[in-house]
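Thanks for coming. I have one structure to go through today, and I will keep it short. Please have a look at it first.

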Amino acid sequence: MNDREATTQYTPGPWSNNGGQIEAPGGFPAVIACVGEVNNQSRLDTANARLVTAAPDLLEAAKASLAAIEYAYQCHYIGPWPDTLMALKTAIAKATKPQR
């Protein structure tokens, strides 16, 4: 187990879409999710599968953006920081904390 695996509570990416089966890299369960009807994807299924596949990368980008925006806010740079910070914190929490 590497450092990234030890700090995440989900299967680390990159994930790939194989006909609606969302698959993880080697060393993990091959299929971590199925979206729509496997190997018979509608356009909506394909779009949803792309979004799910991008989830680990989107989460990392959100975390990096949050850090940059928090720094900018502390330095009093002008911008819609409070609303943006809250949106990012809410999205990151939704992706990383168990739902009650």
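**Cores, sheet and salt bridges**

Start at I92, which touches L59, A62, K63 and L66 once residues up to four places away in sequence are set aside. Before I go further, note that this is a predicted model.

Which residues make up the largest nonpolar core? There are seven of them: L59, A62, L66, I69, L85, L88 and I92. Two elements each give two or more residues to this core, namely α2, residues 43-74, and α3, residues 81-96. Helix α2 supplies the largest share, with four residues. There is also a second core, separate from that one, with five residues; among them are W15, I22, A24 and A49.

Now the overall layout. The protein chain has three helices and three strands. Read from the N terminus, the order of elements is α-β-β-β-α-α. The chain has 100 residues, and 23% of them are buried. Of the contacts with a separation of 6 or more, 27% are between residues 24 or more positions apart. The exposed surface of the protein chain is about 7,100 Å², and 57% of that comes from carbon and sulfur atoms.

On to the sheet. It is open, built from three strands in the order β1-β2-β3, with antiparallel pairing. At the edges are β1, residues 16-18, and β3, residues 31-34, each of which pairs on one side only. From one strand to the next, the twist averages 30°. How many bridges join β2 and β3? Strand β2, residues 21-23, pairs with β3 over three bridges, in the antiparallel sense. As for one residue in that pairing, E23 has V31 of β3 as its bridge partner.

Last, the charged pairs. Side chains of opposite charge can pair when their charged atoms come close. The count here is two salt bridges.

One of these joins the side chains of E60 and K63, at 4.0 Å from N to O. Both residues sit in helix α2, three residues apart, or about one turn of the helix. Are they buried, exposed or in between? E60 counts as partly exposed because its relative accessibility is 33%, between the 20% and 50% limits. K63 is partly exposed too, with a relative accessible area of 35%. K63 has already come up today, as one of the residues that I92 touches.

The other salt bridge is between E70 and K89, whose closest N and O atoms are 3.7 Å apart. Here E70 belongs to helix α2 and K89 to helix α3, so the pair ties together parts that are 19 residues apart in sequence. E70 is partly exposed, at a relative accessible area of 28%. K89 also counts as partly exposed, with 41% relative accessibility.

A final pair of positions is S65 and T84. They too are 19 residues apart in sequence, and their C-alpha atoms are 9.8 Å apart in space. S65 is in helix α2, and with a relative accessible area of 33% it is partly exposed.

To recap, α2 and α3 each give two or more residues to the largest nonpolar core, and the E70 and K89 salt bridge also runs between α2 and α3. That is what I had.

Technical notes:
Residues are numbered from 1 along each chain as its sequence is written. This is a predicted model: local features need pLDDT of at least 70, side-chain atom pairs count only at pLDDT 80 or more; totals for chains, interfaces and linings use all residues. Side-chain values use heavy atoms; hydrogens and water are left out. A nonpolar core is a set of buried Ala, Val, Leu, Ile, Met, Phe, Trp, Tyr and Cys residues joined through side-chain atoms within 4.5 Å. Buried means under 20% relative accessible area, exposed over 50%, partly exposed in between (1.4 Å probe, protein chains only). Contact means heavy atoms within 4.5 Å. Accessible areas come from the Shrake-Rupley method with a 1.4 Å probe; for residues, only the protein chains shown count as cover. Two strands pair if DSSP finds at least two bridges between them. Axes are lines fitted to C-alpha atoms, for helices over the stretch in contact, and angles run from 0 to 180 degrees between N-to-C directions.
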